[in-house]
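Biologist: I should be grateful for a close look at one part of this molecule, explained for a student in the first year. Please choose a single helix and describe how it is set into its surroundings.

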Amino acid sequence: MDDRGYHTIWDITGACATLLRSEKTLHRFFLSALEASGFTVISDMVHKFTSGGEGVTGLFLLSESHLSYHTYPERGYISIDVYTCGKSNHCINDGITAFFGADVQVNKRTLLRGAVVTGLRGRKHAVAQ
């Protein structure tokens with residue numbers, strides 16, 4: 001089994017507070033983006049907070065691993081975590097960027113994970129023992 005992992009972490013600021021409070025809109029978007037990208041959703045859950053900033057937390061359990069998100073509408077901020085094993089997660093990236101629009105600031109980082117990872121120069125490095 002291929003244990004290569006692709007772990008992309010998103011920090012998006014400047015997002016619409018109304019969108020970040022909408023558990024239904026966010027849930028539908030992430031579900032459709034995952035399905036369109038060919039990921040297999042095993043289970044999912046979403047929680048809407050009713051006090052504080054009225055944010056939303058969502059989780060999708062995938063056969064390939066997971067996607068989670070946490071919103072802070074009062075700050076216009078959402079954090080997204082996409083981790084996949086054996087299959088690159090880059091196919092979902094364009095959809096996420098388009099959904100939140102051009103007016104947001106995006107800080108996205110991808111970590112390569114697994115027992116052995118091939119570096120940028122083609123050399124293999126052990127990353128787990």
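Modeller: The account below begins with one helix, α3, and then follows its surroundings outward.

The model is a predicted one. Helix α3 spans residues 93–100. Within α3, the residues N93, I96 and F100 are buried. These three cover an arc of only 65° around the axis, which puts them on the same side of α3. A general property of helices helps here: an α-helix has 3.6 residues a turn, so residues three or four places apart point the same way. The face of α3 turned away from the buried side carries D94 and A98, which are exposed. After the helix comes G101, with a positive phi near 90°.

What covers the buried side of this helix? The covering elements include the strands β1, β5 and β6 as well as the helices α1 and α2. Several of these can be taken in turn.

Strand β1 covers residues 5–13, and T8 is part of it. T8 counts as buried because its relative accessibility is 0%. Leaving aside the neighbours within four places in sequence, T8 is in contact with several residues, among them N93, I80 and R109. N93 has already appeared as one of the buried residues of α3. N89 is also on the contact list of T8, and the side chains of T8 and N89 make a polar contact at 3.0 Å.

Strand β1 also holds D11, and strand β6 (residues 105–113) holds R109. D11 and R109 form a salt bridge in which the closest N and O atoms are 3.1 Å apart. The pair therefore ties together parts that are 98 residues apart in sequence. D11 is buried because its relative accessible area is 19%, under the limit of 20%. R109 has 35% relative accessibility and so counts as partly exposed.

The other two buried residues of α3, I96 and F100, lead to the largest nonpolar core, which has 23 residues. I96 and F100 are among the residues with the most contacts inside this core, together with F30, Y69 and I80. The elements that give two or more residues to the core are β1, α1, α2, β3, β4, β5 and α3. The largest share, five residues, comes from α2. Helix α2 comprises residues 23–36. How does F30 fit into this picture, and which residues does F30 touch beyond four places in sequence? Its contacts are F60, L67, Y69, I78, I80, I96 and F100.

Two of these contacts, F60 and L67, also belong to a pair of strands: F60 stands opposite L67 in β4. Strands β3 and β4 pair in the antiparallel sense over five bridges, and they form a hairpin with two residues between them. Strand β4 runs over residues 65–72 and includes S65. S65 has a positive phi of about 150° although it is not a glycine. As a general point, most residues other than glycine have a negative phi. S65 is buried, because its relative accessible area is 16%.

On the other side of the chain order, β4 is followed by β5, the strand of residues 77–85. Strands β4 and β5 run antiparallel and are joined by eight bridges. Y72 stands opposite Y77 in β5. The two strands form a hairpin with four residues between them, and G76 in the turn has a positive phi of about 65°.

Helix α1, also among the elements that cover α3, consists of residues 17–21 and contains T18. T18 counts as exposed because its relative accessibility is 59%. The C-alpha atoms of T18 and E74 are separated by 9.6 Å, and these residues are 56 apart along the chain. Helix α1 contains R21 as well. R21 forms a salt bridge with E54, with the closest N and O atoms 3.9 Å apart. Since R21 lies in α1 and E54 in the loop between β2 and β3, the pair ties together parts that are 33 residues apart in sequence. R21 is partly exposed, with a relative accessible area of 32%, and E54 is partly exposed at 35%. E54 also has a positive phi, of about 60°, although it is not a glycine.

In summary, α3 has buried residues on one side and the exposed residues D94 and A98 on the face turned away from them.

Conventions:
Residues numbered from 1 in each chain as written. Predicted model: local features only at pLDDT ≥ 70, side-chain atom pairs only at ≥ 80, totals over all residues. Heavy atoms only, no water. Buried < 20%, exposed > 50% of the residue type's maximum accessible area, 1.4 Å probe, protein only. Polar contact = N/O pair within 3.5 Å; in protein donor to acceptor, adjacent residues only side chain to side chain. Contact = heavy atoms within 4.5 Å. Core = buried A, V, L, I, M, F, W, Y, C linked by side-chain atoms within 4.5 Å. Salt bridge = Lys/Arg side-chain N within 4 Å of Asp/Glu carboxyl O. Arc of directions from axis to C-beta. Pairing = 2+ DSSP bridges.
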